[in-house]
Every structure is written in structure tokens, then in C-alpha cells.
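Please look through the structure shown here and work out how its descriptions are justified. The questions that follow ask for the reasoning behind each term.

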Amino acid sequence: MKQIGHFIGGKEVAGKSGGRKGDVFNPATGEKSGEVALASKAELNDAVEVAKQAFTGWSNTPPLARARVLFKYKDLIEKHHDDLARAITVEHGKTFDDAKGEVVRGLEVIEFACGIPHLLKGDFTENVSGGIDSYSMRQALGVVAGITPFNFPAMVPMWMYTMAIATGNTFILKPSEKDPTTALMLADLFIKAGGPPGVLNVVQGDKEAVDAILTHPDIAAVSFVGSTPVGRYIYHTGTAHDKRVQALCGAKNHMVIMPDADIDQAADALIGAGYGAAGERCMAVSVAVAVGDVGDKLIEKLAPRVASLKVGPGLDPQSEMGPLISGQHRDKVMGYVDTGVKEGAKLVVDGRGLRLQGYENGYYMGGCLFDNVTTDMTIYKEEIFGPVLSVVRAPNFDSAIKMVNEHQFGNGTAIFTRDGDAARAYASSVKIGMVGVNVPIPVPMAFHSFGGWKSSAFGDMGMFGMEGVRFFTKLKTVTARWPTGIRSGAEFVFKAR
Ligand code: NAD
């Protein structure tokens, strides 16, 4: 049985003998594929010590030299693109092409971070007062940590540690225990790119490791991505221990389809955004808001396509949708579908009965499509995180936007329309962090920043982009005078002018 350990001080380290372990599965077959070490508090503490030792050298390494390591790292990730994607697919289940796409979205953050000498340039003002200059700089925080979800085992860690390391910090990554292998490969490639040992460390684990991170006095900041209840806990516990915390959380992304929208385009968008990665994306569209008379036309286009989605193992190039992450999660998603039916929604396509010959133990389900969902239903209110799309009908634009704004989540949203005025009004007044106009999954590029509003994010800075630079650095401002003339003696008041 494959044993999956940690990566500390530049090498793989086995879990402590007799320590706890978690099972890792291949969701396509339902077979156990390995055992992952679950770190104790003592193991986490040892890793922090290693990261602390590496901090002095790394934070004093010129940003240009750090960037050179990142350039090599980018090259190596490109060379190992397929290996990384395969590792993602066999533990997560998503299709191989989707896994490759995930790696590219992470690479884009590395490409952005290669410009770190420019990004870290401070401000300078000559003569803030007679003979006095002022300049500001941003300095690394120290040892920082990232806690990541199962659904993007490469991209989300890369969002975090790339920016943290580029800005001079050393990093402890605690990946999801459900798909832990990719993180080890990424850490190994960083060493091969010339990254010093101890700068990027991986500590596998569950709540015990997370709690050790949140309470460790030498961890300055914690970046989290995952579900809202856990994110809320991490934000409150981390900040109560004086850490800077950003926690990006769950979602219920609405796509509003206006009566003038191109229905074929909207249906295409909904199929990709609702069922891609089996709906296990924080930017997946899970609610289609059909405005005016759009509902019937939309259901007519969507139903046959949802019913004929090609579900299969992620490594099969024919598959459009892979399995879910675990049997337990698949059952939870199916439970939501049961609840939707009980609460009166119309189940237009029922994917609960799907069985795949040869893969009977895999965690598959077919796509599900609900119509006539209302805002009081559980399937509307809660994040399902599976291949289930709900169509809600709204009489007009105002009621659609009201619905979106009243939802507890505020991660992403989209509007499909040909009316620039409606699109502009939507983008301006919607209470959501990331907005698409005729773009169903409006994930910002690396040089913008990623983040939601309301219960989709806690803390006030987004991931990567300049927000990432700010999150992982602290500001210092120097006011300098080099007096050569007569000293004026002590001053006891602020000068009025
Ligand atoms: P999760 O919250 O269960 O786990 C996330 C991380 O927290 C994992 O590393 C896990 O080990 C740890 N964890 C789990 N339970 C914990 C507990 N009780 N105490 C301390 N730590 C704990 O999330 P998940 O199921 O891995 O990922 C899916 C969720 O992530 C969805 O809600 C999805 O919307 C969200 N997500 C959000 C974004 C975003 O950018 N907003 C991106 C990806 C995923």
C-alpha cells in the first residue's frame, strides 16, 4: 500500500511510526490507493521549526534571485504537467483535461509572481518636509501556512504558497487529506528548481494539524480555502491567536439569464459550469435564474444534454464528468436531491440511478436538473457541491438581483444578456465578489485577485494578484533625514505647518 508522508526540509518524511493515518481512494474505482500520514501537533511543530530556520536566508535573498527560482519552477511544472494532472485525476476523480487546466491556472500565479521584484517595489517621496525623505517597503511576515480543500489539489495550494514564497516567507502547506499526493510532487519540483530546503513544506493531516497551525505562536498568517463552517472556525480561531487570516469558503453561484439572452449560449454555459468537475468547484453555477419567459426554453435545451452527459473515469478521454470525491459525499449529494423532491421541486433529470459497468464501486452519479426551485427550499439555500443544477424562475430583473443579493453566499455570479445596460446595472449592484457578463465562471486571472463576499469569504484580502502580495507582507515606512547643518535641539510639539 502506497504510504503518503510529509515534505519537510527539502525531502519526503514518513509519518511518525505509530502515528494516525487516513485512507486515500481512487474515486473512479472506489479502491483504496494509499494511506496518508496525519500529523500530530509535535510533527507540525517540528516542521515550523524547519521553516523558521529557512526564513532568515530566504527573506534576505534578493527578490530577483527568488524570481529566478520561480522561473525554473515554472519550467519544471510545465515539463511535469501530465504527471501532475494524472496524480490529480487518480485521487480527485476529475477528468484529465480538467486536471491539466487546473495546473495551468496555478502556473499563471507563478508567472505573475516571477515579476516579484517589480511587485515589491515600494513608494518613495522626496522632501516630505525640508530635507526629509520618506519611503515605504513591504517585508515578509515569517512562517505562514495554507490549508487547502480537496477540489483543487494543485491550483489552490499554488495560489497561496507561490505568493507567500515570492514575497520572502517560508510556508507550511496542509493539503486536503483526501488527495494529498500532488502537494508532495509540487514541493519536490520546487527543490529541483533550486528552492532552498525548508522554504516550502508539506504537512499532511486533518483537524489536529489544522488546530496546531492555528494556535502556533510562530505562524504569522493562515490562508484557507474550503467550506464555510470550517472557514469561519479557522478565521475566528486564527485571528484570536493574533494571526492574519484569509478564509475563502463555500458558494452558491447564480447565473441570471435575461429574456434577450442567446439561449443556446446560455445552455452551453450552464452545462459546462454546472456539471464540469461534477459540480465540485467553488465557482460552479448551481442556480440558473430564468427571467421572464426564459424558463421553459431553457429547460427544453438543458434536459436532453444533462441526461446525456458522458460520465466515466477521469482518465478516459471520452468522459465529460468524472466521479465525486468519495462515496460519502456522493450519498450526501443524492440526499440533497431526495430533499429537493420532497420539498416540491420538479426533478426534470434524475442522475441518482447511474451505474457504470466495470466501475460499480466508483463514486459516480449522473447529472440532476431541477425546475421550479424556490428560495425557501434546502437545495436552494445550501451548497450541494455536486452535479445538481436548480432552475429558479424570476419575473423580472429586479426580482432576480434581489434573490442573488439575499443569498448567504457571495462567491461568483453571471448574467447572460445582450443588453449592456442590464449587464452594467447587474455588475454594479450585485453583492458578489466575482461577476461574469456572458462568462459563466468568472475566475479572475492571476494579475487580478480572487475572492468572494458574504459567507463566501472571511478576512479582507483576496488570493494572489496584488492582494496576495499585501496579504503575505507587512508595510514599513521610513522617514529619513541626514542633517548636516546646525541641530535645532529637541522638539516637543507637532509642527502646525
Ligand atoms: P473542507 O472545509 O471540508 O476542508 C478544507 C480543509 O480544511 C482541508 O484541508 C481539511 O483537512 C480541513 N478541515 C476539514 N474539517 C476541518 C475541521 N473540522 N477543523 C479544521 N480543519 C478542517 O472543504 P473541502 O470539502 O475539502 O472542499 C470543498 C469546499 O471548499 C466547498 O465548500 C467549496 O465551495 C470550497 N472551496 C472554496 C473555494 C473558494 O475559493 N471560495 C475554492 C475551492 C473550494
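What follows is a set of questions and answers on a predicted model.

Q: Why is helix α2 called roughly antiparallel to helix α6?
A: The axes of α2 (residues 63-79) and α6 (residues 155-166) come within 10 Å and cross at roughly 150°. Angles over 145 degrees count as roughly antiparallel, and therefore α2 is described as roughly antiparallel to α6.

Q: Which residues make the contact of α2 with α6, and how do they divide into nonpolar, polar and charged?
A: On the α2 side the contact is made by Arg66, Leu70, Tyr73 and Ile77, and on the α6 side by Met158, Tyr161, Ile165 and Ala166. These residues divide into 7 nonpolar, no polar and 1 charged; because Arg counts as charged, the charged one is Arg66.

Q: What makes a set of residues a nonpolar core, and which have the most contacts inside the largest one?
A: Such a set consists of buried nonpolar residues joined through side-chain atoms within 4.5 Å. The largest core has 67 residues, and those with the most contacts inside it are Tyr73, Ile77, Trp159, Tyr161, Phe171 and Phe450. Its largest share, 10 residues, comes from α6.

Q: How do you know that this core draws on both domain 1 and domain 2?
A: At least three of its residues come from each of domain 1 (2-249 + 456-478) and domain 2 (253-437).

Q: How many residues of domain 1 and of domain 2 are in contact?
A: Taking contact as heavy atoms within 4.5 Å, 22 residues of domain 1 are in contact with 23 residues of domain 2, while 31 Å separate the domain centres, taken over C-alpha atoms.

Definitions and conventions
Residues are numbered from 1 along each chain as its sequence is written. This is a predicted model: local features need pLDDT of at least 70, side-chain atom pairs count only at pLDDT 80 or more; totals for chains, interfaces and linings use all residues. Side-chain values use heavy atoms; hydrogens and water are left out. Axes are lines fitted to C-alpha atoms, for helices over the stretch in contact, and angles run from 0 to 180 degrees between N-to-C directions. Helices (H or I, at least four residues) and strands (E, at least two) are DSSP runs, numbered from the N terminus. Angles under 35 degrees count as roughly parallel, over 145 as roughly antiparallel, 65 to 115 as roughly perpendicular and the rest as oblique. Buried means under 20% relative accessible area, exposed over 50%, partly exposed in between (1.4 Å probe, protein chains only). Domain bounds come from an automatic or database domain assignment.
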